[in-house]
Amino acid sequence: MPAPVFAVGDVHGHRDVLVGLLRDAGLLDASERWSGAEARLWLLGDLFDRGPDGIGALELVRRLERESTGAVRCLLGNHEALILAARRFGDEDTGFTGQSFLDVWKLNGGLDADLAALTDEQVGWITHLPPLAREGDWLLVHADTDAYLDLGGSIEEVTHETGRALRVGDAARVDTLLGILSDRQRLDEMGAVDALLGTFGGMRIVHGHTPIASVVGAEPRDVTGPFDYGAGRVRNIDHCLFAGGNGFVVRLDEADGGPGPRA
Ligand SMILES: [Mn+2]
């Protein structure tokens with residue numbers, strides 16, 4: 001039997017909700033220690049912003065990564081890039097006239113407390129997160145876009161380019177990166193799906209970033225499972241925790257990820 005593979009969408013500072021979800025899935029014990037045995041777990045990015053405790057969410061994921069000796073992994077979301085850009089460039093202008101990197105981050109739900117508490121070590125960890133990953137037949141991405149193709153022709157290239165830009169890129173390069181990582185709703189196009197899978201591999205795409213509630217016109221609390229579309233080749237798992245969703249964990253190694261709205 002292959003190891004079970006779990007995935008969780010955008011956490012957005014809701015650390016304690018994440019703990020509850022992982023406990024219910026049998027991946028954490030009562031003292032919040034990793035209890036997933038041989039299971040693998042992917043966070044799809046956007047640990048920060050909009051919710052109360054981005055740093056707490058980040059530190060939980062970093063600890064679980066250590067305790068699980070790498071079975072817990074995290075993708076880079078646009079909000080990880082946003083907070084690093086705000087930290088590096090602050091009041092410098094972005095490509096939006098009159099908006100600084102700090103402004104853009106705050107407009108996207110940035111919390112002063114998270115930025116103030118962010119350490120060099122945490123920044124270093126974030127800059128090494130991959131924007132995409134493969135797990136069995138799945139290609140995992142944060143955002144529902146093929147713009148990742150602008151960053152490279154392999155997962156390694158994209159990860160390298162993103163890390164370089166976040167660590168040493170100038171403001172213009174980071175601004176371009178933020179545009180790519182924040183792009184959305186491009187995967188209704190079969191050509192975009194084909195291009196992503198053809199370049200980075202995999203048979204199906206799983207993403208977060210665009211709340212299912214907004215796509216299907218539901219209340220966040222009524223979204224209880226993934227939303228599959230694109231002839232079953234694309235799965236959205238953004239449970240919209242920041243707007244009151246109860247959240248869910250999906251199993252990627254099972255045909256059915258659980259109850260929820262379907263395309
Ligand atoms: Mn996002």
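Two residues are in contact when they have heavy atoms within 4.5 Å of each other. Keep that in mind as you click through this model, which is predicted.

**Stop 1: the manganese ion**

Select the manganese ion and show the side chains around it. The protein donors are D46 (OD), N78 (OD1), H142 (NE2) and H209 (ND1), and they lie 2.1 to 2.2 Å from the ion. Along the chain, these donors follow the spacing D-x31-N-x63-H-x66-H. Now colour N78 and H142. N78 lies in helix 3 (residues 78-89), while H142 is in the loop between strand 5 (138-141) and helix 7 (155-168), so the pair ties together parts that are 64 residues apart in sequence. Are these two residues buried or exposed? Both N78 and H142 are buried.

**Stop 2: E80**

Stay in helix 3 and select E80, which is found there. E80 is buried, yet it has no salt bridge. Which side chain of opposite charge is nearest to E80? That is R50, 11 Å away. Next, show what E80 touches, leaving aside neighbours within four places in sequence: G45, D46, L47, F48, L75, I126 and L129. You have already met D46 in this list, as one of the manganese donors.

**Stop 3: the nonpolar core**

Now select the residues with the most contacts inside the largest nonpolar core: L22, L41, L43, L118, L139, L140 and I205. How many residues does this core have? It has 84. Helix 3 gives the most to this core, with 7 residues.

Zoom in on L43. Not counting residues up to four places away in sequence, L43 touches V8, V11, L18, V61, V72, R73, C74 and L75. One of these, V61, is a buried residue of helix 2, and that helix is the next stop.

**Stop 4: helix 2**

Select residues 54-67 to see helix 2, and draw a distance between its end C-alpha atoms. At 1.5 Å a residue, the 14 residues of this helix should span 20 Å, and the end C-alpha atoms are indeed 20 Å apart, which agrees.

Then look at its surroundings. Of the 14 residues in helix 2, 10 are buried, so the helix is largely enclosed by the rest of the structure. The buried ones are G54, I55, G56, A57, L58, L60, V61, R62, R63 and L64. What covers them? The cover includes helix 1 (15-24), strand 2 (40-43), strand 3 (72-74), helix 5 (112-117) and helix 6 (120-127). Before you leave, click on T69, just after helix 2, which takes a positive phi of about 45°.

**Stop 5: salt bridges**

A search of the whole structure finds 18 salt bridges. Here are a few to try.

- Select R173 and E161. They form a salt bridge whose closest N and O atoms are 3.0 Å apart. This pair links distant parts of the chain, with R173 in helix 8 (residues 171-182) and E161 in helix 7, 12 residues apart. R173 counts as partly exposed at 30% relative accessibility, and E161 is partly exposed as well, with a relative accessible area of 25%.
- Select R233 and D194. Their side chains meet in a salt bridge of 2.9 Å, N to O. R233 lies in the loop between strand 7 (227-229) and strand 8 (234-236), and D194 in helix 9 (residues 190-200), so the pair ties together parts that are 39 residues apart in sequence. R233 is partly exposed at 22% relative accessibility, and D194 is partly exposed with a relative accessible area of 42%.
- Select E254 and R251. Their salt bridge has its closest N and O atoms 3.4 Å apart. E254 counts as partly exposed at 35% relative accessibility, and R251 does too at 24%.
- Select R15, D16, R23 and E32 together. Salt bridges that share partners join these residues into one network.

**Stop 6: G247**

For the last stop, select G247 in the loop between strand 8 and strand 9 (249-251). Why does G247 count as buried? Its relative accessible area is 16%, and buried means under 20%. Leaving aside neighbours within four places in sequence, G247 is in contact with L21, H239 and L241. Finally, draw a line from G247 to F227: their C-alpha atoms are separated by 13 Å, and the two residues are 20 residues apart along the chain.

How values were computed:
Residues numbered from 1 in each chain as written. Predicted model: local features only at pLDDT ≥ 70, side-chain atom pairs only at ≥ 80, totals over all residues. Heavy atoms only, no water. Donors = N, O, S within 2.8 Å, 3.2 Å for Na, K, Ca; no water. Helix = DSSP H or I, 4+ residues; strand = E, 2+ residues; numbered from the N terminus. Buried < 20%, exposed > 50% of the residue type's maximum accessible area, 1.4 Å probe, protein only. Lys, Arg positive; Asp, Glu negative; His and termini not counted. Salt bridge = Lys/Arg side-chain N within 4 Å of Asp/Glu carboxyl O. Core = buried A, V, L, I, M, F, W, Y, C linked by side-chain atoms within 4.5 Å. Expected span 1.5 Å × (residues − 1).
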